[in-house]
Amino acid sequence: MSVKFHLVTLFPEFFESPMEVSLVGKAIDEGTIEIEFHNPRSHGAGVHRQVDDAPFGGGAGMVMAPGPLAETLDPLATTYRVLLTPSGAPLSQDHLDRFACIDELTLVCGRYEGIDQRIVDNFIDEEVSLGDFVLLGGEVAAAAIIEGVARLLPGVVGNPESTVNESFRGDGLLEEPHYTRPSEFRGWAVPEVLLSGDHKRIAAWRREQRLERTRKRRPDLIPE
Ligand code: SAM
């Protein structure tokens, strides 16, 4: 199982470091994920390779023009094309689970005020947002998707159970708190139950912690 990402971005250099480090770098080295860059600037107009223009109707900022984007996206028609935009559905684990099963995924990163709507209407399969805030471009959101998908692919995370027993999985709750050695640190003790060796009590404590944390922080995740 592997995923090939096509990144449509005016700033491919943005990805240099995040794609090199840690498990994403390893996934690329081992061929579990592949990344190909497509820069709309290569199809830009004139000597300056212009890719943006003023908005029809007036208003602040510039809009990414349809021409360079269409030429960039034409050869990617057989891939699943996702646009990163604040107007999209909030990114969730469900998206990542789904994207991890797609052979070729195109991530389109906007810049400026965004991209011409005709490109959205005619080239994009799905719109995804990183959250209710506005970034300078879609690159951070694309990097989040790549990292979230990579860790779901076989062999990337050492222990596959790590991607099963975690927040939003199973009972759908937030994860319980974790502790490691030493059992006492600066006078702060680890909850006694975790040192008891009683697996039934530990499981019950963990479930209670998940429920309490989720009730306080994300009541929307508690099943009806
Ligand atoms: N004018 C747009 C709006 O009000 O929704 C914001 C444009 S933003 C400055 C430029 C680009 O950054 C967007 O086209 C999008 O690709 C990306 N972007 C910004 N915030 C994002 C978010 N929360 N999720 C995903 N992409 C985002």
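Here are a few questions and answers on the ligand site and pockets of this predicted model.

Q: What makes the pair between Leu84 and an oxygen atom of the ligand a polar contact?
A: A backbone N or O atom of Leu84 lies 2.6 Å from that ligand oxygen. The cut-off for such a pair of N or O atoms is 3.5 Å, so this pair counts as a polar contact.

Q: Why does the pair between Thr85 and a nitrogen atom of the ligand count as a polar contact?
A: Here a backbone N or O atom of Thr85 is 3.4 Å from the ligand nitrogen. That value is within 3.5 Å, so the pair counts. A polar backbone atom of Gly137 is also 3.4 Å from an oxygen atom of the ligand. As for cover, the protein hides 83% of the 590 Å² of accessible area that the ligand has on its own.

Q: Why is the ligand said to sit in the largest pocket?
A: The ligand meets the criterion, so more than half of its atoms lie within 2 Å of the grid points of the largest pocket. This pocket holds about 430 Å³ of space. Among the residues closest to its centre are Leu84, Thr85 and Glu113. Strand 5 gives the largest share of the lining, five residues.

Q: What makes Arg151 and Glu166 lining residues of the second largest pocket?
A: Both are listed in its lining, which means that each has an atom within 4 Å of a point of the pocket. About 370 Å³ of space lies in this pocket, and its lining divides into four nonpolar, four polar and four charged residues.

Methods:
Residues numbered from 1 in each chain as written. Predicted model: local features only at pLDDT ≥ 70, side-chain atom pairs only at ≥ 80, totals over all residues. Heavy atoms only, no water. Polar contact = N/O pair within 3.5 Å; in protein donor to acceptor, adjacent residues only side chain to side chain. Areas by Shrake-Rupley, 256 points an atom, 1.4 Å probe, with all protein chains shown as cover. 1 Å grid on protein atoms, 1.4 Å probe; cavity = no way out; pocket = protein on both sides within 12 Å on 5 of 7 lines; lining within 4 Å. Points joined across faces, edges and corners; volume = space filled by probe spheres on them. Helix = DSSP H or I, 4+ residues; strand = E, 2+ residues; numbered from the N terminus. Nonpolar A, V, L, I, M, F, W, Y, C, P; charged D, E, K, R; others polar.
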